Amino acid sequence: MNSVASDFTEAEQKLVANVLLQRYGRLVALQLADSELQLDPGRDELTLCPTLYWSEQGAQFVVCKTGEDIYRCQFFYSEAEQFGTGRDQYRDLDECVMTLLQVQSDHARQKAGLFSGAT
């Protein structure tokens, strides 16, 4: 198994922590992890990618570093409920995290509307 990116730097972790502080109004615990991702859809090979993980308001979030200054993200509620942003990669970490949070927020509002009967 290959690894294509270095770990998240302290500066990258601080950037994400600051975005989450702005979004939630408090510090959110970030965890460093590794994810095995299939970066090339034409191959079965998995690549080990440094990952930032956090959990907030019933959702779990991951931002994976798939190359130097290349990121992929998703949020999920369970193994069966996983969502992306519609983009395979970002070159800007701030844009990646902001888009991820916005898509999850939109999804949560839509889901709440479905359960309340609102349209």
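This report walks through a predicted model of a protein chain, going from the overall fold down to a few single residues.

## The big picture

Let's start with the fold. The protein chain has 2 helices and 6 strands. Follow the sequence from start to end and you meet them in the pattern β-α-β-β-β-β-β-α. The radius of gyration is 15 Å, close to the 14 Å that the globule rule gives for 119 residues, so the chain is as compact as a globular protein of that length. Along its principal axes, the C-alpha trace spans about 45 × 35 × 20 Å.

How much of the chain is tucked away? Of its 119 residues, 35% count as buried. The chain exposes about 7200 Å², and carbon and sulfur atoms supply 49% of that area. As for who touches whom, take the contacts with a separation of 6 or more: residues 24 or more positions apart account for 48% of them.

## Strand S3 and its two partners

Strand S3, residues 47–56, is a good place to look next. It is mostly covered, with 7 of its 10 residues buried. One partner is strand S2, residues 31–37, which pairs with S3 in the antiparallel sense over 7 bridges. In that pairing, Glu36 stands opposite Leu48 in S3.

The other partner to look at is strand S4, residues 59–67, which pairs with S3, again in the antiparallel sense, over 6 bridges. Here you can find Tyr53 standing opposite Val62 in S4. S3 and S4 form a hairpin with 2 residues between them. Gln57 sits in the turn and has a positive phi of about 50°.

## A cluster of rings

The structure holds 6 aromatic pairs. One of them joins Trp54 and Phe61, and this pair is stacked, at 5.1 Å centre to centre with 10° between the planes. Trp54 is buried, and Phe61 is buried too.

Which residues do the ring pairs link into a cluster with Trp54? They are Phe61, Phe75, Tyr77 and Phe83.

## Gln60, a polar residue in S4

Now for Gln60, which has its place in strand S4. Is Gln60 buried or exposed? Its relative accessibility is 17%, and the cut-off for buried is under 20%, so Gln60 counts as buried.

Gln60 also has plenty to touch. Leaving out residues up to four places away in sequence, it contacts Tyr53, Trp54, Ser55, Gln74, Phe75, Phe76 and Tyr77. With Ser55 there is also a polar contact of 3.5 Å between the side chains.

## Glu12 in the helix H1

Helix H1 covers residues 10–24, and Glu12 lies in it. With a relative accessible area of 10%, Glu12 is buried. Which side chain does Glu12 meet in a polar contact of 3.0 Å? That would be the side chain of Lys65.

Lys65 is also among the residues that Glu12 touches, along with Asp7, Asp69, Tyr71 and Leu93, not counting residues up to four places away in sequence.

## Arg26, in a loop

Arg26 has its place in the loop between H1 and S2. It is partly exposed, with a relative accessible area of 41%. Its side chain joins that of Glu56 in a polar contact of 2.2 Å. Not counting residues up to four places away in sequence, Arg26 touches Leu20, Leu21 and Glu56.

How far apart are Arg26 and Ala59 in space? From C-alpha to C-alpha they are 17 Å apart, while in sequence they are 33 residues apart.

## Ala112, in helix H2

Finally, have a look at helix H2, residues 93–116, where Ala112 has its place. Ala112 is partly exposed, with a relative accessible area of 44%. Pick Leu48 as a reference point, and you find Ala112 at 35 Å from it in space, C-alpha to C-alpha, and 64 residues from it in sequence.

Conventions: Residues are numbered from 1 along each chain as its sequence is written. This is a predicted model: local features need pLDDT of at least 70, side-chain atom pairs count only at pLDDT 80 or more; totals for chains, interfaces and linings use all residues. Side-chain values use heavy atoms; hydrogens and water are left out. Helices (H or I, at least four residues) and strands (E, at least two) are DSSP runs, numbered from the N terminus. Buried means under 20% relative accessible area, exposed over 50%, partly exposed in between (1.4 Å probe, protein chains only). A polar contact is a pair of N or O atoms within 3.5 Å; within protein, one must be able to donate a hydrogen and the other to accept it, and residues adjacent in sequence count only if both atoms are side-chain atoms. Contact means heavy atoms within 4.5 Å. Two strands pair if DSSP finds at least two bridges between them. The radius of gyration is taken over C-alpha atoms; the globule rule is 2.2 Å times the number of residues to the power 0.38. Accessible areas come from the Shrake-Rupley method with a 1.4 Å probe; for residues, only the protein chains shown count as cover. Rings of Phe, Tyr and Trp (its six-membered ring) pair if their centres lie within 6.5 Å; planes under 30 degrees apart count as stacked, over 60 as edge-to-face and the rest as tilted.
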